[in-house]
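Opening the notebook on a new model today. I'll jot down what I look up as I go.

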Amino acid sequence: MYSHGAESLIKQAREIQDSELQKFYSRLVKLLQGKELSHETVDSLQRLYIILYSNKYIRTLPPELQKRLHSLLSSPAEQFQVLCSAVLRETLPPSAHSGNYSQENISQLNSHAAALLLSQAGSTADVSSLCTQLLRGLESRPLEGPTNSLTHTLPILNTILTHNPECLTEDHVTLLSKKLVDWLRYASILQGGGTSSGGFFTGPRSRQPVPIAELDGTVSGDFFTVLCVGQSFTEDQWMNVFSFSVLRHWLLTYHSVSNGNNTADTDDRSEVDGSVVSMVSATSSSSRLLPPKERLREKSFQYCQRLIEQSDRKAHKKSDADLQKACLVEAVCILDCVCEEDASLVFRTFPCIKALFGRLSSDLSFARVLLPIAQFYLNHGEMATVDCGSVWALVFGRYPAELFNDPFLAHELLRFLRLNLESLQLRVPQYTHSFPNLLKFLAWDSPAVVDDFVDLLPSLVTAGTAVELLHTLLDLPCLSATLVLQVRSTCLPISELSGRGLLSLDAFRSPSFRGLFLFLLRGEAGSGDTIDRLSTLLELLAETADWPRVVQCAQTVPVLLHIFFNTVITVADEKLLAHLILVMLERSSLLLKIPKYNKEIHRVFSAHLLRLCKLHPSLVVDQSHELLEFSGATANVYSKEEIYTHVVWVLGEYLSVSCDSRCSVRLITSCFEALEAVLFEITSSAPPPGADCPAPRVVTTLMSSLAKLASRSHDLIPRVSLFLSKLRTVTRGGSVAWCSDEEDLVAIVTRGEELWSLLKAPGVAQSVLTPPAHVTTPQWHRDTNVALPLRLRALTNFTHSH
């Protein structure tokens, strides 16, 4: 929403009359005719933009004003470039830009003028025409135009390539590829004579041209690259830098260009024109005989190899060292691109990449540089038949373990995993077993990376990792707390405001508890499903339950659990699913005591327990002993209401011969007796001290399950009927100790009366309480043998006729 002042200005702009607007146009033309543009001119241009922007109709400016605004697009002051470009975007129709720039002034385009032209392009043909003009400007010699004529051209062409690559023709590709070869390989090796251009090329004015230098100060003995330094730089050297910055994008996208007229010209400049002979390319002098695309790949290969060689030099400044790392990333990515296009380059490139990896792998400060190297190994390692184990040991082992608190590495590593998910699953067996390490990124900074893990988690769920992964997800808040303790343990002892030391930090440093924390910090799966002394660990970490990182991490666990269970049912057999049910029952009481966390986990467990039992009803018989043990514990009624209710429901619903032939009368009776004992206990006494009354849903679910079981074993009907009749008698006396709400008590009694009435007719009770599948999922509206479809059609016709 706009502020009050902004709304007032917009309202005034919309209500301006044509007569006032014409006077404003005339006054602005006079201001623009002045030799110097004042602050009043800036203010007037801003007001003009607001007037045009606020009106939903496109206005036409007077020709003189339009001409003045066009002339200001090439103003040396960028403020006027921006304002004039914004104003003209609101006025000119999409087709009116053609012809505004002739070949004489196309070289004067800056980024704002080019953005205006591109935004007003009426068709692909218009953009293609602009490309043709820009590329013709590239063919001119540097001395024929202004010094900044070429520096804006490549960014403009790169923008066109990003948003509208189909407007480029094969002729455009050929010409630009040839120009990129010239700029990359044949830039001057002498420093310019002017003043410094700023940026990372800084230094005092130099009177005599001298050779360019390397970052370590030595004179360069090879061709110019972005890692060469000097006091000032020539235009072709700047174009070398621009060319390198757009090279990868060009290599990735020029394939989408139309393969129309291929007029590839194999004639090109001499290998020694403008530079010394490259030591890198001395063995490939025949590359000038290649077509432009292939030649560009060859020169890109040489350029990147030179950058890799330059990155081994000791830079004097930190900014130069950072530039080396950035250029290494780009160089390896470009080498990956050219090898994707030409597989024969893989064997020439791998020795260089392998040597680079060996040089950088021991230095964690180059971690982000090594990710492109890992991408190269993933894409081409199989072809070159090289061992990639050491690469994956870093990516999945050391990096997450030691750099989990580096947000940039976390983003780039997880992005690498997402982009290569299918290849990693097929080619890298270490990937699926690395989840204890990868989840450290999530445990440390959950809000920033949870979206990544939503995409990655399904790929980590396999039959072999499912059980351990479930435990690990439930222990994520513990892992988060442990990572905080690990970071704090390297600093001075931390104390609370009261002066009392952190017991968890002392425990983390204690040798007697070291094994518990080391298990949480393990690097790969396979060392065990969970911790034997998990309850001890939870006690040690109890004070961390309100730490912000731990709370944020806990908030993501329910989401990930839903994804886990949705995936595991697609890869697990019944034996594994039965094991997961045991884990849910066990872990429902072994969770870090974070506010609302336990209830959320119980809710997730309940939903997926129902889903698993519905898909495989035999699981209830398989795990009947554990389910009965859980449902027979009265304490669970008060502490685990959600999951307890659903366990009781599945016992009553699926403990039936119709679901599993192994279900015996003895099993039904034992289940009935366990539930009966719990129901009698909670309805005959007040809740334990500090506990709330049992939820009405728990009581009604227990009664319903007992009725269902009794309908399958008629000998049990008198016992449940007796209880239901007593329940009605007891509640007539008013309130009871186990239910504090009168409306809830009425609902419970009503439900009991319904069940009691049903059990008077056992055959009816069974069909109502546990109806067969064809009753619960009817399709009568599709059955042509019954009258219902005919009635539906008649009613439909009747309603449509009105």
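My entries run from the whole chain down to single residues.

**Entry 1: the whole chain**

I'm noting up front that this is a predicted model. I started with the secondary structure and got 38 helices and 0 strands in the chain. Then I looked up burial: of the 802 residues, 48% are buried. The accessible surface of the chain adds up to about 38,600 Å². Carbon and sulfur atoms account for 55% of that surface. I also checked how far contacts reach along the sequence. Taking contacts between residues at least 6 apart in sequence, I find that 75% join residues at least 24 apart.

**Entry 2: helix α19**

How far apart are the end C-alpha atoms of α19? I get only 18 Å for this helix of 15 residues, which runs over 446-460. A straight helix would reach 21 Å at 1.5 Å a residue, and α19 falls short of that. I then looked for a bend in α19 and found one of about 45° at F453.

F453 is also on my list of buried residues in α19, along with S446, V449, V450, D452, L456, L457, S459 and L460. For spacing along a helix I keep in mind that an α-helix has 3.6 residues a turn, so residues three or four places apart point the same way. Next I asked what covers the buried residues of α19. The cover includes α16 (407-419), α17 (421-427) and α18 (435-444) from earlier in the numbering, plus α20 (466-474) and α25 (548-571).

**Entry 3: helix α14**

I ran the span check on α14 (residues 367-384) too. Its 18 residues should span 26 Å at 1.5 Å a residue, and the end C-alpha atoms are 23 Å apart, so I log this one as agreeing. Where does α14 bend? I put the bend at L378, at about 40°. On burial, 14 of the 18 residues of α14 are buried, so the helix is largely enclosed by the rest of the structure. Just after α14 I noticed T385, with a positive phi of about 50°.

**Entry 4: F357 and the rings**

I searched the whole structure for aromatic pairs and found 17. One aromatic cluster is made up of F350, F357, F376 and Y377, so I followed F357, which counts as buried at 10% relative accessibility. F357 sits in helix α13 (residues 346-360). What does F357 touch, leaving aside its neighbours within four places in sequence? I list L370, I373, Y377, S390, V391 and L394. Y377 thus turns up as a contact of F357 and as a member of its cluster. I also took the C-alpha distance from F357 to A374, and got 9.1 Å for a pair 17 residues apart in sequence.

While on rings, I looked for charges over their faces. R514 lies over the face of F508, at 4.6 Å from the ring centre. R306 lies over the face of F223, at 5.5 Å from the ring centre.

**Entry 5: S606 and L117**

S606 is in helix α27. Is S606 buried or exposed? It comes out at 1% relative accessibility; the cut-off for buried is under 20%, so S606 counts as buried. Not counting residues up to four places away in sequence, S606 touches E642, I643 and H646. S606 and E642 are 36 residues apart along the chain, and I get 6.6 Å between their C-alpha atoms.

L117 belongs to helix α6 (residues 111-119). L117 has a relative accessible area of 6%, so I marked it as buried. From L117 to L88, 29 residues apart along the chain, the C-alpha separation is 9.9 Å.

**Entry 6: two loop residues**

K596 is in the loop between α26 (574-587) and α27 (597-615). Its phi is near 70°, a positive value in a residue other than glycine. At 69% relative accessibility, K596 counts as exposed.

E139 is in the loop between α7 (124-138) and α8 (153-163). I have E139 as partly exposed, with a relative accessible area of 49%. E139 and K179 are 40 residues apart in sequence, with 8.1 Å between their C-alpha atoms.

How values were computed:
Residues are numbered from 1 along each chain as its sequence is written. This is a predicted model: local features need pLDDT of at least 70, side-chain atom pairs count only at pLDDT 80 or more; totals for chains, interfaces and linings use all residues. Side-chain values use heavy atoms; hydrogens and water are left out. Helices (H or I, at least four residues) and strands (E, at least two) are DSSP runs, numbered from the N terminus. Buried means under 20% relative accessible area, exposed over 50%, partly exposed in between (1.4 Å probe, protein chains only). Contact means heavy atoms within 4.5 Å. Accessible areas come from the Shrake-Rupley method with a 1.4 Å probe; for residues, only the protein chains shown count as cover. The expected span of a helix is 1.5 Å times one less than its number of residues. The bend at a residue is the angle between axes fitted to the seven residues ending there and the seven starting there. Rings of Phe, Tyr and Trp (its six-membered ring) pair if their centres lie within 6.5 Å; planes under 30 degrees apart count as stacked, over 60 as edge-to-face and the rest as tilted. A charge sits over a ring if NZ of Lys or CZ of Arg is within 6 Å of the ring centre and within 35 degrees of the ring normal.
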